[in-house]
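Work through the exercises below with the sequence and the structure side by side. Each task is followed by a solution that goes step by step.

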Amino acid sequence: MKIRVMGTKAECEQAQRFYETFGKGENVNYCSVSGLYPNRGSVNQYRVYVEIVCKDETNIYGDLLPVTRG
């Protein structure tokens with residue numbers, strides 16, 4: 001699952017901390033949280049990218065998705 005979080009700098013920093021903690025959960029195989037990127041054309045909006053692979057995540061064919069560690 002890939003997630004893009006957009007908001008103020010403080011909101012995005014809070015999201016980074018949340019997803020870093022979430023990624024240590026027992027149902028998560030892999031979690032990656034990007035750095036903070038400023039949104040183009042905005043002086044106070046930022047974005048953060050998150051990628052999560054859960055242990056029971058399946059693809060559209062019902063097969064388990066491969067887990068990659070980075």
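**Exercise 1.** Decide whether Cys-12 is buried or exposed in this predicted model.

*Solution.* Begin with the relative accessibility of Cys-12, which is 0%. Buried means under 20%, so Cys-12 counts as buried. Then look at the company it keeps: Cys-12 belongs to the largest nonpolar core, a set of 10 residues that also includes Val-5, Ala-15, Tyr-19 and Cys-54. Helix H1 (9–22) and strand E4 each supply at least two residues of this core, and E4 gives the most, with five residues.

**Exercise 2.** Find out how many disulfides the structure has, and examine why Cys-54 is not bonded to the closest cysteine.

*Solution.* A search of the whole structure finds zero disulfides. For Cys-54, the closest cysteine sulfur is that of Cys-31, and because the two sulfurs are 9.0 Å apart, they are too far for a bond. Cys-54 is nevertheless buried, since its relative accessible area is 18% and the cut-off for buried is under 20%.

**Exercise 3.** Describe the surroundings of Arg-47, and state which side chain of opposite charge is nearest.

*Solution.* First place the residue: Arg-47 is found in strand E4, which covers residues 46–54. Next consider charge: Arg-47 is buried yet has no salt bridge, and the nearest side chain of opposite charge, Glu-11, is 14 Å away. Then turn to the backbone, where the side chain of Arg-47 reaches the oxygen of Pro-38 at 2.7 Å. Finally, leaving aside neighbours within four places in sequence, list its contacts, among them Arg-4, Met-6, Cys-12, Tyr-37 and Pro-38.

Technical notes: Residues are numbered from 1 along each chain as its sequence is written. This is a predicted model: local features need pLDDT of at least 70, side-chain atom pairs count only at pLDDT 80 or more; totals for chains, interfaces and linings use all residues. Side-chain values use heavy atoms; hydrogens and water are left out. Helices (H or I, at least four residues) and strands (E, at least two) are DSSP runs, numbered from the N terminus. Buried means under 20% relative accessible area, exposed over 50%, partly exposed in between (1.4 Å probe, protein chains only). Lys and Arg count as positive and Asp and Glu as negative; His and the chain ends are not counted. A salt bridge is a side-chain nitrogen of Lys or Arg within 4 Å of a carboxyl oxygen of Asp or Glu. A polar contact is a pair of N or O atoms within 3.5 Å; within protein, one must be able to donate a hydrogen and the other to accept it, and residues adjacent in sequence count only if both atoms are side-chain atoms. Contact means heavy atoms within 4.5 Å. A nonpolar core is a set of buried Ala, Val, Leu, Ile, Met, Phe, Trp, Tyr and Cys residues joined through side-chain atoms within 4.5 Å. A disulfide is a pair of cysteine sulfur atoms within 2.5 Å.
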